[in-house]
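The following explanation leads the reader through two pockets of a protein and through the surroundings of its ligand. Please keep the sequence and the structure in view while reading.

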Amino acid sequence: MESFGVRLDRAVRERGPLCVGIDPHPELLARWGLADDVDGLERFARTVVDALGDRVAVIKPQSAFFERFGSQGLAILESTIRQLRERGSLVLLDVKRGDIGSTVRAYASAYLDPSSPVYVDAITASPFLGVGSLAPMFELAAEHGGGVFVLALTSNPEGASVQRARAADGRTVAQLVIDEIAQLNAGAQPLGSIGLVIGATVGETGCDLSRVNGPLLAPGLGAQGATAADLRAVFGPALPTVLPSYSREVLGAGPRPEALRAAADRAVSDCRGVLAMS
Ligand SMILES: O=c1ccn([C@@H]2O[C@H](COP(=O)(O)O)[C@@H](O)[C@H]2O)c(=O)[nH]1
């Protein structure tokens, strides 16, 4: 299997720099005329898959919105992942997992082992038990061509007090995470498989992103207030490796498939304009 970095690079070149989240908020279900139940969840996810699965580079189901319906929600997550694969988009499951290493190994086999029912191309992970505790994820990702996106500077305002705090050597916590991930991606061509999550809302990061050599997932666009133009100030010279991510902004255009597609196309074109200027 080719590495996730190679597959992501190709998907973005073919389909454009865009990740769209599947976040079936109760408010969105209501807006789409769907019930806030398992049937509504299934129809919502299926509509997004059918409208965008053959068009958008990366689709990011938000696990929480499936988990809240228990085992039936997880069954829908499984089938959503399978349908997305069939349509050719890369699947990034937003689960933000992290734990002691021995448990991280179990999370890794849940999501990054091809024999698992919820096997995906990449997952999000939290480094706050130490980046090293995520090693089993990095290892399994490398073995099976998967990817991991590690939180560095999250899009929510509460993140800064932890992530911009300074360690003994003067670097911010975010920079420590960034530097450890950069080591894992060193030498990869055209892009490493271990990404970072840096919100489009965070303003100037004060971080050195020059050696990351991996994808930078940028949530916070649209509903959280950031615009494509904000990406320039956040990422500077690292813009070419940014993967902009929208959920509610695109989903809010539904449920008509043509309207979802038009919203995704608008997002790609806004972001392409900014990323191309780098
Ligand atoms: O720093 C982060 C990390 C992850 N997210 C997730 O992205 C989407 C954002 O949804 P919008 O509707 O576009 O606001 C959501 O699933 C978050 O959990 C993030 O927002 N920020």
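**Two pockets and a ligand**

With four residues, α1 is the element that gives the most to the lining of the second largest pocket. The model shown here is a predicted one. The helix α1 covers residues 4–15, and α1 is joined by β8 and by α12 (257–276) as elements that each give two or more residues to this lining.

The second largest pocket holds about 250 Å³ of space. It is lined by 15 residues, and those closest to its centre are Asp9, Val12, Pro240, Thr241 and Val242. What is the make-up of this lining by class? There are 11 nonpolar residues, one polar residue and three charged residues.

The discussion now turns to the largest pocket. Its space amounts to about 410 Å³. Of the 23 residues that line the largest pocket, Lys60, Asp94, Ser155, Pro219 and Gln224 are the closest to its centre. Two strands, β3 (90–97) and β8 (242–246), each contribute at least two residues to the lining. The strand β8 therefore deserves attention twice, since β8 is listed for the lining of the largest pocket and also for that of the second largest pocket. By class, the lining of the largest pocket consists of eight nonpolar, 10 polar and five charged residues.

Which space does the ligand take? The ligand occupies the largest pocket. Around the ligand there are 14 residues, of which Asp23, Gln62, Ser155, Gln224 and Arg248 come nearest. Sorted by class, this shell has four nonpolar, five polar and five charged residues. Ser155 and Gln224 appear among the residues nearest to the ligand, and both are also listed among those closest to the centre of the largest pocket.

Individual atoms may be examined next. Which distances separate polar side-chain atoms from oxygen atoms of the ligand? For Lys60, a polar side-chain atom lies 3.1 Å from an oxygen atom of the ligand. In the case of Gln224, an N or O atom of the side chain is 2.8 Å from a ligand oxygen atom. For Arg248, the distance between a polar side-chain atom and an oxygen atom of the ligand is 2.6 Å. Taken alone, the ligand exposes 460 Å², and the protein buries 88% of that area.

Notes: Residues are numbered from 1 along each chain as its sequence is written. This is a predicted model: local features need pLDDT of at least 70, side-chain atom pairs count only at pLDDT 80 or more; totals for chains, interfaces and linings use all residues. Side-chain values use heavy atoms; hydrogens and water are left out. A residue is near a molecule or strand if one of its heavy atoms lies within 4 Å of it. A polar contact is a pair of N or O atoms within 3.5 Å; within protein, one must be able to donate a hydrogen and the other to accept it, and residues adjacent in sequence count only if both atoms are side-chain atoms. Accessible areas come from the Shrake-Rupley method with a 1.4 Å probe; for residues, only the protein chains shown count as cover. On a 1 Å grid over the protein atoms alone, a cavity is a set of points where a 1.4 Å probe fits but cannot get out, and a pocket is an open set with protein on both sides within 12 Å along at least five of seven lines; lining residues have an atom within 4 Å of a point. A molecule sits in a cavity or pocket if more than half of its atoms lie within 2 Å of its grid points. Ala, Val, Leu, Ile, Met, Phe, Trp, Tyr, Cys and Pro count as nonpolar, Asp, Glu, Lys and Arg as charged, and the others, Gly among them, as polar. Grid points are joined across faces, edges and corners, and a volume is the space filled by probe spheres set on the points.
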